[in-house]
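Reader: I should like to learn how features of a protein model are read from its atoms. Where ought one to begin?

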Amino acid sequence: MLQQHLQNVVHVNAAQEIAAPADEEPGSISEDPLSTSDEEPPHATPQIAAAQARTPRPAVWADVPDAKWDDWHWQLAHRLNSVEELSQIINLTPEEIDGLTADDKFRVDVIPYFASLIDPDDPHCPIRRQVIPLGRELQAFEGMMEDSLAEDAHSPVPGLVHRYPDRVLMLITTQCASYCRYCTRSRIVGNPHETFSKNDFEAQLDYLRHTPQVRDVLISGGDPLTLNPRTLEYILSSLRAIAHIEIIRIGSRVPVFLPQRITDEFCAMLRKYHPLWLNIHTNHPKEITPELSRALAKLADAGVPLGNQSVLLAGINDSVNIQRELAHKLVKNRVRPYYLYQCDLVKGAGHFRTTVAKGIEIIEGMRGHTSGYAVPTYVVDAPGGGGKIPVMPQYLISQAPGKVVLRNYEGYITAYEEPTDYDPHAIDHLDRQAPHRGEPGQSGVAGLLAGDTMAIKPEGFDTLHKRGAGKHRLNADANKWKPYHAGNSDTLSAVSDQPSVNGARSNGHKKPNNQ
């Protein structure tokens, strides 16, 4: 029944966005060359055995030929999204049925391959929890927002988010292979009417061509790897043609949801647009299967540096042991753990949220307890559009002139003697030769340390503290509040060129404070 029903489940948006190019025959490019024989060689190595390994399939798909199962088009065309379909591979709970039948639920689609990883009898299965909705998903929670990261507020053209000085987020589709229940962009993701057009792509590219401060473009969505391959290549080639774009990054969960998509032909296409990086999204060690390992090997062998972004999810991966196991499996697959995100304040994610303290506890249990390159950076993506804020345990205990007190992961406390003859200006002549990138209005605390500005003020600070006063003889000279810097002619001229209230020039010296 399900098999016959699934033959008809071909989403219109999938057919539109994920059509195969004419030169790509379904099923012909994802078969492993090491799996051409049904008979295992008499002296099979562990590497060959791993290359031939497959995740067991539920009985309903037992008769699907490997050529079809390994075809990413077939997988997309046979996604599951209803109680009828899912109940034949999962023993659904009443709350899952409530979630699946809710009228205003976030989109549900589960790739058959990914569905095969679900424990049908365990409602707490970490794979199941990520893609099967619960009734509580619809419950509002304190602080919930539709666009909690204010991405649309920092969008100069549709789909382009310019939040940081030298890099942008480029959204090119709203479609995914499967849909995470905690999706940050659920306001648009999964909705074919919200997806981006060729005109949107051209507006994004035009903005980038005329914004030379941007050196790094992160392509995301939805999932970029669900796009028609020719469309994706057009975007990559257009970005690579912009001289000041140094780095192209892709954020994708397709290698995890749909490893069959990572073919030799696809990797050869990516190789043409280096330097190109790719971040995958895994949350639990159970997601790292032989199929994913083969896909990651193809990408790494194509010269694509790989990272991983995880979201801290209650009841799924909020454990030191689970996070450490995930990190170890990732690095074995040549993937660097990059970020561990605190779950966003987005609609539908309330039941996935943990405390920030739990995230700090996890980093405490990893830093020093495993390899440094296996420890992700734990971040809170600031509500309201503040960007990623790293959060970690406190290792600096105290400090005094010439000495800092530090502690390590074991609780060992030590004093580090700082040099008494350090000259921070010895590097100035080399620093002047290094490229200086302007960050108008965004220099932040680094700008304070560099002396570019003296204070970061809350909005309306100066107006509030004027208390409605106009100019008078004591507040008219703004040079009073400009600091003197020895040897800085620009500062001196800025001070001395301004007339005082009585027409005389200031000499730049500060009047002694006799109070």
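Author: Let us begin with a term: a residue counts as buried when its relative accessible area is under 20%, and as exposed when that area is over 50%. Please bear in mind throughout that this is a predicted model.

Reader: How many residues does the chain have, and what percentage of them count as buried?

Author: The chain has 515 residues, of which 44% count as buried. Its secondary structure comprises 20 helices and 12 strands. As for contacts between residues at least 6 apart in sequence, 74% of them join residues at least 24 apart.

Reader: Let us apply the term to one helix. Which residues of H11 are buried?

Author: They are Pro-229, Leu-232, Ile-235, Leu-236, Ser-238 and Leu-239. Helix H11 runs over residues 229-240, 12 residues in total. From first C-alpha to last, H11 reaches 16 Å, close to the 16 Å expected at 1.5 Å a residue.

Reader: Which residue caps the N-terminal end of H11?

Author: Asn-228 does, through a side-chain oxygen that lies 2.8 Å from the backbone nitrogen of Arg-230.

Reader: I turn to a single side chain. Why does Trp-69 count as buried?

Author: The cut-off is under 20% relative accessible area. Trp-69 has a value of 2% and is therefore buried. This residue lies in helix H4, residues 66-69. Beyond its neighbours within four places in sequence, Trp-69 is in contact with ten residues' worth of surroundings that include Arg-54, Arg-57, Trp-61, Pro-112, Tyr-113 and Gln-260. Of these partners, Gln-260 is 191 residues from Trp-69 in sequence, yet the two C-alpha atoms are 8.5 Å apart in space.

Reader: How does one look for empty space inside a model?

Author: Rolling a probe the size of a water molecule over the atoms shows where empty space is left. Here, a search of the whole structure finds 1 cavity of 30 Å³ or more. About 60 Å³ of space lies in the largest cavity.

Reader: Which elements give two or more residues to the lining of the largest cavity?

Author: They are strand S6 (306-312), helix H15 (320-332) and strand S7 (335-342). The largest share, 4 residues, comes from H15. Among the lining residues are Asn-308, Gln-323, Leu-326, Tyr-338 and Pro-376. By class, the lining has 7 nonpolar, 3 polar and no charged residues.

Reader: What should one expect of the backbone angles?

Author: Most residues other than glycine have a negative phi, and most peptide bonds are trans. In this model, the peptide bond from His-274 to Pro-275 is cis, with omega near 0 degrees. Pro-275 is found in the loop between helix H13 (264-271) and strand S5 (276-280).

Reader: What is the phi of Ala-150, and what is that of Arg-467?

Author: Phi of Ala-150 is near 55 degrees, a positive value in a residue other than glycine. Arg-467, likewise not a glycine, has a positive phi of about 55 degrees.

Reader: Where in the chain are these two residues found, and is each buried or exposed?

Author: Ala-150 is in the loop between helix H9 (126-131) and strand S1 (160-164). Its relative accessibility is 14%, so Ala-150 counts as buried. Arg-467 lies in the loop between helix H19 (461-466) and helix H20 (489-496). With a relative accessible area of 61%, Arg-467 is exposed.

Definitions and conventions:
Residues numbered from 1 in each chain as written. Predicted model: local features only at pLDDT ≥ 70, side-chain atom pairs only at ≥ 80, totals over all residues. Heavy atoms only, no water. Expected span 1.5 Å × (residues − 1). Buried < 20%, exposed > 50% of the residue type's maximum accessible area, 1.4 Å probe, protein only. Polar contact = N/O pair within 3.5 Å; in protein donor to acceptor, adjacent residues only side chain to side chain. 1 Å grid on protein atoms, 1.4 Å probe; cavity = no way out; pocket = protein on both sides within 12 Å on 5 of 7 lines; lining within 4 Å. Points joined across faces, edges and corners; volume = space filled by probe spheres on them. Nonpolar A, V, L, I, M, F, W, Y, C, P; charged D, E, K, R; others polar. Contact = heavy atoms within 4.5 Å.
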